[in-house]
Amino acid sequence: MRLAALAVVLVASGPAAADPQPDPAAERAGDANLESTSRRSGRNFTAALGGGLTLGFGIEDSVGRGGSASFRLGQVATERSVLTLEIAGVASFHKVNAEGAELKRNDDTNFLVGAQRWINPALWVRIAVGLGVYKGDDVGPDLDDVTLVGPAGLFGAGFDLVRTRRLAFGIEMMSIGMINRDGLLASNAFMLDLSIE
């Protein structure tokens, strides 16, 4: 009788001590219809405006200051990252004669695809690649109009100053480099941005 009771205790304590592991497929299926608690989901749009500086190496009359803009359409990929389509540019001004009587505008416009990643809830970085188009107005000794096209790359970083459920307002900087047949063009900007999520 004692031997039978001991056997029952041993058999009961062995398998019961090990907790059964949940089935991962069952957990995923249970969570499939729950509403996401992520701060970012779906698509978002960002517009940024500010000041810019363009430097050209090997490109005549390409150094100047002016305005900058970036317009980005994003698709959330993960809780911390967004894939982007972007138009970004910097307009700069240069003098066409020594007296500086007339200012002409040069435009550096870029069409880019990239990714943006949040390092923490407010700080983010982004990179993008694509095609750059530079248009110079009355440049060089002959005051010709010039159009240069080439591959472009962008690096940017920003900080969200104010965030609500659907809006974010912040500051950002971007630096764009474009290689073309005449040389290298570098455009840099510091901007205020507004994102709609």
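Which residue in β8 does Gly170 stand opposite? In this predicted model, the residue facing Gly170 is Asp193 in β8. That pair is a handy place to start a walk through the fold, since the strands around it are well described by their bridges. Strand β7 covers residues 167-179 and strand β8 covers residues 184-196. The two run antiparallel and are joined by 13 bridges. As general background, strands of a sheet pair through backbone hydrogen bonds, in either a parallel or an antiparallel manner.

Stepping back to the whole chain, the secondary structure consists of 2 helices and 8 strands. Their order along the sequence is α-α-β-β-β-β-β-β-β-β, with the helices ahead of the strands. The 8 strands form a closed barrel, following the path β1-β2-β3-β4-β5-β6-β7-β8 with antiparallel pairing. From one strand to the next, the twist averages 20°.

Some totals help to place this barrel in context. The chain has 197 residues, and 36% of them count as buried. About 11,900 Å² of the chain is exposed, with carbon and sulfur atoms supplying 64% of that area. For contacts between residues at least 6 apart in sequence, 57% join residues at least 24 apart.

Two buried residues give a closer view of the strands. The first topic is Thr54, which lies in strand β1, spanning residues 43-57. Thr54 counts as buried because its relative accessible area is 1%, below the 20% cut-off. Its side chain makes a polar contact with the side chain of Ser187, at 3.3 Å. Setting aside residues up to four places away in sequence, Thr54 touches Ser62, Val63 and Gly64, along with Val90 and Ser92, and also Leu185, Ala186 and Ser187. Ser187 therefore appears both as a neighbour of Thr54 and as its side-chain polar partner, and Thr54 itself is buried.

The other residue is Ala88, found in strand β3, which runs over residues 81-95. With a relative accessibility of 0%, Ala88 is likewise under the 20% limit and so counts as buried. Ala88 and Thr109 are separated by 21 residues in sequence, yet their C-alpha atoms are 5.9 Å apart in space. Thr109 is also one of the contacts of Ala88 once neighbours within four places in sequence are left aside. The others are Ala69, Ser70, Asp108, Asn110, Leu112, Leu154, Met174 and Ile176. Of these, Met174 and Ile176 fall within the residue range of strand β7, the strand with which this account began.

Key: Residues numbered from 1 in each chain as written. Predicted model: local features only at pLDDT ≥ 70, side-chain atom pairs only at ≥ 80, totals over all residues. Heavy atoms only, no water. Helix = DSSP H or I, 4+ residues; strand = E, 2+ residues; numbered from the N terminus. Buried < 20%, exposed > 50% of the residue type's maximum accessible area, 1.4 Å probe, protein only. Contact = heavy atoms within 4.5 Å. Areas by Shrake-Rupley, 256 points an atom, 1.4 Å probe, with all protein chains shown as cover. Polar contact = N/O pair within 3.5 Å; in protein donor to acceptor, adjacent residues only side chain to side chain. Pairing = 2+ DSSP bridges. Axes fitted to C-alpha atoms, helices over the stretch in contact; angles between N-to-C directions.
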